[in-house]
Every structure is written in C-alpha cells, then in structure tokens.
Amino acid sequence: MASLRIYIPCIRTSDAVRTLRGMKLKSLLILVSIALAACQPSETKTSSSAPANNGPITINGAGATFPNPIYSKWFDEYQKSHPDIRINYQSIGSGGGIKQLSAQTVFFGASDGPMTDAQLQSAPGAILHFPTVLGGVVPVYNVTGVTQALRFNGAVLADIYLGKITKWNDAAIAALNPGVKLPADDIAVVHRSDGSGTTYIWCDFLSKVSQDYKQKIGVSTSVNWPAGVGAKGNEGVSGLVRQTPGAIGYVELIYALQNKMPYGSVQNKAGQFVTASLDSVTAAAAGAEMPDDFRVSITNADGANAYPIASFTWLLLYQHPKDVARGKAMVDFLKWALTDGQKFAPSLGYAPLPQPVIAKEMQALGKIQ
Amino acid sequence: MTANLRRRKVYSGLFEALCALAVIVALIPLAMILFYVVKEGFGALNVDFFTHMPKPVGESGGGMANAIAGTFILICIAAAFAVPVGCLCGIHLSEYPGTKFSSIVRFSADVLNGVPSIVVGIFAYGILVLPVKRFSAIAGGVALGLLMIPIVVRTTEELLRLVPGGLREGALALGATRGRAVFSVIVPAALPGILTGILVALARVAGETAPLLFTAFNNRFWSTSLTQPIASLTVQVFTYAISPYDDWHRQAWAGAFLLVMMILALSILARLAVRRLERMNRS
Amino acid sequence: MKRSDDRSFRIGTGAFAALVLLIVAGIAFELTRQSTLSITKFGLKFWTTKVWDPVSGDFGALPFIWGTLYSAILALLIATPIALGIAIFISELSPRVLRQPLAYLTELLAAIPSIVYGLWGIFVLVPIVRKIEIAMGAKPALGVGMMAAALILAVMVIPFTSSVAREILKNVPATQREAAYALGATRWEAIKVAIGFGRTGIIGAVMLGFGRALGETMAVTMVIGNSPQISASLFKPQYTMAAVIANEFTEAADELYLHALIEIGLLLFIITVGVNLLSRLLIWSTKRRAITTVVMPMVSAEEVPA
C-alpha cells in the first residue's frame with residue numbers, strides 16, 4: 001500500500017474548527033445518506049423465500065462453459081415470456097458447477113462431464129442429471145498459412161497433448177493431410193486451466209483411442225496436463241488460440257463458429273473423417289443406449305457419419321429441493337427448454353435432443369418434488 | 001587532481017541522467033495504459049453501456065448497467081463496515097497508545113494490510129458464503145471492507161495523533177469526558193484527513209477483483225438485493241477480457257475506462273480535501 | 001459519572017479494536033482449519049512435490065511456490081533500480097516545480113486497478129512480448145508466460161517501492177548531505193551518502209514491493225499461462241500460488257482438492273505477512289535512526305514500531 005503523506009499543520013481552534021466541523025460533518029452526512037439510499041434493498045424485487053407469484057425470483061446456477069451460449073439464450077428468451085423468473089447462470093466451468101451445487105451455494109448446476117459415483121455419494125442429497133442439448137468438441141488451431149480444415153485422428157491428437165508431437169509438419173500430421181503445406185512451427189498446446197466438462201469429453205475420447213493417454217492423463221474435469229498453456233473457459237481457450245500463432249486447442253463447436261476460427265475434422269471409429277455439425281453430432285447420439293440416470297458417454301460412437309467427440313450436456317438438479325417454489329420454476333423451465341427451447345439449438349451450433357430422450361426426461365422431471 | 005574531479009563529475013552526471021531515465025521508463029507503461037484505456041474505452045462507451053444488461057453470449061450490444069450499480073453498492077457496503085470499525089479502532093489506538101493491547105492491535109492491522117486480497121476472499125467465502133450457502137453482495141462488500149480496514153485504522157490513528165495536545169487538554173479542562181473530547185473536538189479537527197484516508201481506501205478497494213470471485217459471484221440481471229449475487233465492474237471486465245468475442249473486448253475496455261475514472265475521481269477528491277484544509281490554515 | 005463515561009468509551013472503542021485483532025486471528029484460524037485434510041495427508045511433502053494432479057488426488061505446491069518466487073524476484077530485479085531512480089530523482093534532483101506532479105504520476109501507477117493492468121497485459125503487453133520472443137527465437141512464442149508476468153509485476157511494484165524510498169530519503173537528516181558537500185563531494189556522491197544512511201529503510205522499501213508482488217493475483221493470472229511447470233525459462237507459461245487459487249477455487253469439487261488449495265493460501269498468507277512485517281521493521285528502524293541522530297526542531301508524532 002502506498003504510504004500516505006497526509007500532513008496536518010497546526011490548527012487554530014477558533015473559526016477554523018467551527019467551519020471545518022460544519023463542512024465536514026455535512027459531507028459525512030451526505031456520504032452516509034447516499035450509502036443508505038443506494039443500499040436500500042429493493043424488497044419488492046428479489047427475496048429468497050418469495051413465492052413465484054409475488055415478485056421476481058432469482059434462481060442462481062453455475063457450471064459448464066460448453067453450453068453457455070445456448071443457456072444464456074434460453075434464460076434470456078424464457079425471461080421474456082416469464083418476466084418473474086430470472087435465472088442467473090454463471091459459466092465457471094463444469095467442475096465449478098458440480099462443486100457449487102454440492103455446496104448448495106447455487107440452486108442448479110450444469111456439466112458436460114457427468115458426476116462420478118463418488119461425487120454423487122458425497123452430495124448432501126440425490127442429484128439428477130437432465131440432458132439439455134448435444135454438442136461437439138472441435139480441435140481449433142491457428143497455423144500460419146493454413147486456412148482449410150485439417151484432418152486429425154485420435155492418435156495424433158493424443159500425442160500432441162501428450163507432448164510427443166511438437167511440430168506442425170510432423171510426419172503423423174502430414175500423413176493425414178496430403179497436399180497441405182504445413183509449416184515447421186512449434187505446436188502451442190492450449191488446454192483448460194479450470195475444471196471443465198469440455199476437458200472431460202476431450203479426455204474421454206482420447207482415452208478411448210490411446211492407451212498412453214488413458215494412463216498418463218486420464219479422464220476427469222481437471223487433469224494433470226504434461227504440456228501446454230491453460231486458459232479459463234471455452235472462451236479463454238478460443239481467445240488464446242485465436243491470438244497465438246501455432247496454437248491448437250479444444251472448444252465447443254459454437255465457439256469456433258462464432259469466432260470464425262478454422263477447426264479440424266476428426267477420424268471416427270468407422271474410419272471416416274467427420275466434421276462436427278448438427279448431423280454428425282446427432283448421428284453420434286443415435287446409437288446411444290440411454291440409461292435411467294441419463295449419464296452416458298457418446299464419444300467414439302459407431303456409425304459412418306458419427307462425430308467422434310460429441311456429448312450430451314446436463315443440467316443438474318436436486319431431486320428434493322428445499323425451496324419448492326424454485327424447484328417448480330426450474331422444472332417448468334426445463335419442460336420449456338426440452339420443447340420450445342430446442343429450436344434455438346441449431347442456429348447456435350448444438351444438436352437438439354432425440355425425441356425418445358426428451359420423452360424419457362419429461363417423465364423423470366416428475367421425480368422432482 | 002582535476003582529472004579525478006572531472007571523472008567524478010562525469011559519473012555524477014551519468015547517474016543523474018540514469019535517474020531521469022528511470023522516471024521516463026516508469027512513465028511509459030503509465031502513458032500506454034492510460035492511452036489504451038482512453039482510446040479503446042472511451043470509444044466503446046455509449047448510452048447502451050450505461051442502461052442495458054449484458055446480452056446472451058455471442059450477441060453484440062448490451063451493457064454493464066448492473067455491474068456499475070453493483071460496484072457502487074459493494075463499495076457502500078464495504079465503507080459501511082470498514083469506516084465505523086476502522087475509525088473507532090483508530091480512535092482507541094490514538095487515545096491509549098502505550099498499552100500492550102494497542103500494540104497488539106496495531107500489529108494486527110499491519111498484518112491485515114499485507115494479506116493478499118485473494119486470501120481475504122477465501123476467508124470471506126468461509127465465514128459468509130458457506131454457512132448461509134449462498135453468494136451475496138454482503139459477502140463481497142464485507143470482503144472489500146476487510147481490505148479497507150487497515151488503511152482506515154492507520155490514517156485515523158496517525159491523524160488523531162497529529163492534532164495538537166492543546167485541543168484535547170482544553171476540552172478536558174472544560175470538563176468534557178474522554179469520549180466527548182474525542183468526538184466533539186479532536187475528531188472533527190482531523191476529519192478532513194480521515195475522510196481522505198477513507199476515500200483512498202475506497203479507491204483501492206473499488207478496483208479489486210479476486211475477493212469478489214467467490215463472494216459476490218456475478219449476476220446477469222439488475223439486482224440491488226444484498227443477499228443475492230451481484231455483478232461488479234471488475235469481475236465483468238475480467239469475464240469479458242478472457243473471452244474471444246470482440247464486442248465483449250470493447251466493453252471490457254469501456255468498463256476499465258469507467259473504473260479508472262472512478263478511482264481518479266476518488267483520489268482527486270481526497271487530494272482536494274487536503275488542499276482545502278491547507279488553504280484554510282493559511283488564511 | 002465521568003469515570004464510567006471514560007470507561008465505557010475505552011471499552012467501546014476497545015471492542016472495535018479487538019474486532020480487528022479477531023479478524024486477523026480469524027483469517028489465520030480459518031485458513032488452518034480448512035486445510036487440515038491436506039496438511040495431514042501430505043505433511044511436509046506438500047512443499048516439495050511438483051505434481052498437481054486433481055484426478056489422482058496427488059497435490060504438491062512446488063510449482064506454485066517456484067512461480068510465485070521467480071516472478072516476484074524477477075519483478076524486483078527490474079523494478080528496484082527504476083523505483084530507486086525515481087525516488088532519487090524526485091527527492092534530490094528534480095526542479096521543485098516538477099516534484100508534486102511527478103510524485104502524483106508515480107502514485108497514479110499504484111492507483112490503477114490490477115484488472116486494468118491485466119486487460120492491458122492481455123491485449124497490449126502479450127503481443128509485444130510475443131514479438132520479442134519470436135525475435136529471440138523462443139519456440140513456441142506464446143506471449144503469455146513468465147516474462148510477461150514479471151514485466152507487469154515490475155510496473156505494479158514500482159510505485160510502492162519508490163514512494164517509500166522517497167520518504168526514507170526525505171527523512172535523512174540534512175546534516176549528512178551537508179557534511180558530504182563540505183568534504184567536496186559531487187551531487188551523486190552526496191546522494192550515495194544519503195542512501196547509505198537510509199539503506200535499511202531502502203531495503204525495507206524493496207521488501208514492501210516484494211510483498212506486493214507475491215500477493216498479486218489478477219494481472220498475473222491473465223498473462224502467466226497458468227501451467228504448473230517449473231522452469232527457469234522466461235518463455236514458458238508457469239503458475240503462481242495466487243493464480244491457482246483464483247482459477248481453481250470455485251471448482252475444487254472434492255474436499256482434499258479444496259483443502260490443498262487453501263493450504264496454498266495459508267502459505268501465501270504466512271509469506272506475504274512475514275515479508276511485509278519485516279519491511280515495516282526495516283523502514284521504522286531507519287526513521288528512528290534519522291530522528292535520533294540529529295536534534296530536530298519539530299518532532300511530530302514518532303513513527304511507531306511495526
């Protein structure tokens with residue numbers, strides 16, 4: 001802290017003190033009254049236990065950055081038709097969503113990595129997963145001189161992130177991309193610095209196709225990266241890749257689209273090089289067997305057109321929330337999201353949920369009380 | 001002899017030049033920062049910025065009205081907490097300077113001064129967020145207040161000490177109790193300086209981000225409630241800065257511009273208070 | 001009646017003073033209480049392990065300690081000569097009319113919030129550092145990394161060190177300089193005498209800057225690259241204690257992870273507080289020496305210890 005050089009010379013007790021006293025007390029009073037006026041809690045607006053029909057209620061949620069574009073669109077649209085319900089969602093990463101939900105500092109969470117059994121066990125109540133949309137994680141890159149879509153496969157991506165492939169013109173990358181002039185630049189690996197469901201999906205896929213990756217890095221929302229730079233959120237990764245020549249990162253499709261960044265196609269289980277899109281992501285979900293708790297992984301799916309790094313993203317809610325009004329509000333919101341809300345998905349680069357999944361979820365929503 | 005003197009004179013001149021260079025070198029980043037903040041920030045300011053809430057991700061437009069209000073509310077809460085605590089503590093330290101208790105308290109205030117703001121954030125999270133299981137404006141405001149306290153304590157104590165003994169003795173001789181003497185005579189005499197100290201502390205704390213990350217959280221909506229998460233200029237600038245959207249970057253600069261202006265205003269106010277007093281004494 | 005009024009005044013204000021004490025004790029207590037899991041599990045090994053693996057539950061703070069100390073020391077190396085130069089220039093060399101404005105400008109550097117530094121860092125400093133790295137042949141030239149962090153920290157630390165150093169130099173008794181001039185010293189040599197007299201205080205000023213650099217969070221986390229590696233290279237992304245807490249605190253889902261982060265916070269607390277207290281002690285001892293060395297016509301309130 002900078003040392004304060006305040007100096008007060010001798011003060012004459014006479015008028016100086018009197019005027020000062022008056023002047024400064026007045027300004028103190030002004031400051032205090034401003035403070036009080038501003039801090040007037042507007043009781044009519046938000047109150048934690050206000051029933052839904054008595055004024056706006058705010059529902060706080062936190063979690064994944066992966067679906068943040070569509071969630072923020074949904075909450076905005078939903079508020080237009082339901083001005084009393086304000087859903088305040090903060091995208092702090094899937095890990096954050098799970099943690100804050102378990103600590104009950106937020107009402108709902110969002111994650112693209114489903115909660116593990118251990119996490120569900122240690123939560124203070126039963127938590128249900130509700131898939132909301134489908135999305136795909138794409139490898140974005142910033143390679144000088146390359147504007148077209150590069151082709152990758154799981155093995156190459158795994159080796160890049162393990163630090164084994166270090167240059168863009170490496171033989172393995174060149175083999176997949178004949179005819180593309182790859183510079184001899186170093187690869188700047190970008191990963192997430194925060195707990196991320198996008199990381200989970202990425203690692204889930206790479207662990208399936210690379211035993212080395214599975215052993216050295218593993219699958220989780222936060223892993224021990226052997227190489228690269230960490231950025232916060234999907235936003236941070238796309239921002240950093242965009243600014244750093246030679247960088248590669250993994251982000252949800254919409255971030256690549258919105259920022260007009262080139263992204264690669266990835267070879268799927270059937271051997272095809274597939275680019276992430278509505279169709280390819282939907283194809284990945286087509287063959288999935290949806291369990292009752294909705295926790296399923298669809299990376300590396302079968303199917304000729306399936307995009308290999310696709311995933312559901314989930315909204316997490318307590319099965320028996322203490323705040324009944326908010327619980328009902330969220331159930332109503334989810335019902336809207338699963339029906340009307342789905343139409344916003346394609347324009348934002350997400351795939352709407354398959355009908356059977358929606359039907360199953362509507363049933364499951366009845367469990368919340 | 002003369003050669004030696006000449007050499008020493010040359011060295012002297014050289015080092016003096018280096019010192020002048022140091023000043024220029026330090027002023028370069030200041031100039032750059034102010035330049036960019038004004039250039040990018042001022043250009044991005046528009047009416048929307050002051051009146052609208054943030055738009056959904058990826059859509060352009062929108063503003064930071066809720067964040068501006070949020071910062072204001074947070075510093076009010078911080079002041080409401082820190083000013084009474086800090087001033088009364090400072091008063092005690094100046095009235096009873098020699099006791100062991102006072103030495104320990106003074107030591108604690110110094111310790112608190114050196115605590116990084118993120119650690120204060122952890123503390124505020126532990127005592128104000130976890131027990132009630134919610135993020136709130138109060139938690140954020142108190143975290144900021146904790147950072148203000150050492151500055152207020154120290155300024156209050158030093159200024160009260162500087163008030164001439166004659167004032168206190170006069171008041172006591174007239175039969176005032178200790179409390180009366182202090183609150184009616186000594187504190188008003190030192191009030192401009194104390195106010196300055198408070199303004200300086202406010203300026204410092206208005207720019208804090210780290211402690212708000214896990215106390216006030218953030219809020220997309222307009223909210224003045226003390227028990228709900230609240231947006232703030234600093235956290236909003238941080239969120240926008242690390243994003244990939246150009247529109248958000250522009251708004252981040254605008255937010256930064258507003259922050260710098262606000263802090264400048266507070267420091268100028270502080271300086272004016274001192275200048276006013278000096279002028280008063282000269283007359 | 002007067003006595004009880006006095007007593008209630010004393011107790012009343014004393015209660016608030018005690019509150020300040022309680023707050024500090026509370027911070028230390030909370031930090032320790034919330035890191036017990038990590039302390040008991042890892043013990044002293046925590047400070048020497050360099051693995052930070054949330055998946056396997058293996059935590060070690062060494063990369064963060066390294067990053068914090070390295071960035072702070074680099075920042076000091078850059079900032080100290082500049083800060084001292086400014087202090088000397090303003091207090092000894094500059095024309096009187098420039099003194100106030102220059103002092104004000106330097107303090108302005110301290111007033112700029114850390115997030116604004118971070119913003120400027122991302123959009124202005126990092127591209128410049130990237131160009132420097134490309135010119136120096138670093139691969140890959142990320143821009144973010146230790147160099148950017150050290151530069152930003154240096155700029156942030158300069159005003160603190162320089163304003164305290166200015167205070168110290170102001171408090172050096174005039175007789176010291178007069179004696180030097182009487183012996184035929186050049187201006188610089190007289191300044192050296194003044195610095196010599198106040199050297200403990202100047203070290204204190206430097207340490208104050210060090211303490212500030214250790215605790216800085218936002219600006220650093222935006223430009224350092226957030227990667228827990230230990231490397232002497234200026235170009236590699238690294239991680240500091242404050243940055244890892246800021247990034248991972250809200251999402252440490254399991255207790256051990258959270259406790260490990262808070263244990264890092266505890267260490268940060270202890271180190272910064274220690275450095276700050278040491279610096280205040282050094283500064284006070286110099287001021288005391290200045291006051292007691294020469295008889296001064298007006299002795300205002302003595303600077304109190306610590």
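Between them, chain A and chain C bury about 2500 Å², with 51% of this on carbon and sulfur atoms; buried area is the accessible area (1.4 Å probe) that two parts lose on being put together, summed over both. The model is a predicted one, in which local features need pLDDT of at least 70 and side-chain atom pairs count only at pLDDT 80 or more, while totals for chains, interfaces and linings use all residues. Residues are numbered from 1 along each chain as its sequence is written, chains are lettered from A and ligands numbered from 1 in the order in which they are written, and side-chain values use heavy atoms, with hydrogens and water left out.

In the contact of chain A with chain C, 32 residues come from chain A and 35 residues from chain C, contact meaning heavy atoms within 4.5 Å. No salt bridge is found across this interface, the count being 0; the term denotes a side-chain nitrogen of Lys or Arg within 4 Å of a carboxyl oxygen of Asp or Glu. Polar contact, by comparison, joins 5 residue pairs between chain A and chain C, both residues being at pLDDT 80 or more. A polar contact is a pair of N or O atoms within 3.5 Å; within protein, one must be able to donate a hydrogen and the other to accept it, and residues adjacent in sequence count only if both atoms are side-chain atoms. On the side of chain A that touches chain C, at least two residues each are supplied by α3 (94–102), β7 (229–231) and α9 (233–243) of chain A. Helices (H or I, at least four residues) and strands (E, at least two) are DSSP runs, numbered from the N terminus. The most is given by α3(A), with 5 residues. This side of chain A comprises 12 nonpolar, 14 polar and 6 charged residues, where Ala, Val, Leu, Ile, Met, Phe, Trp, Tyr, Cys and Pro count as nonpolar, Asp, Glu, Lys and Arg as charged, and the others, Gly among them, as polar.

The interface of chain C and chain B buries about 7000 Å², of which carbon and sulfur atoms give 80%. Of the area that chain C buries against chain B, 9% is supplied by F9(C), W120(C) and W188(C), more than any other three residues. The contact involves 78 residues of chain C and 85 residues of chain B. Across this interface 3 salt bridges are found, and E16(B) and R187(C) meet through their side chains in a salt bridge with an N to O distance of 3.2 Å. In addition, 9 residue pairs are in polar contact between chain C and chain B, both at pLDDT 80 or more. Helix α1 (residues 2–33) of chain C gives the most to the side of chain C that touches chain B, namely 19 residues. By class, that side has 51 nonpolar, 16 polar and 11 charged residues.

Chain C itself contains 12 helices and 2 strands, and its C-alpha atoms fill a box of roughly 70 × 70 × 30 Å along the principal axes.

Over all chains, the structure holds 31 salt bridges. In one within chain B, R168(B) pairs with E95(B), the closest N and O atoms lying 2.8 Å apart. This pair links distant parts of the chain, 73 residues apart, with R168(B) in helix α7 (residues 165–173) and E95(B) in helix α3 (residues 65–95) of chain B.
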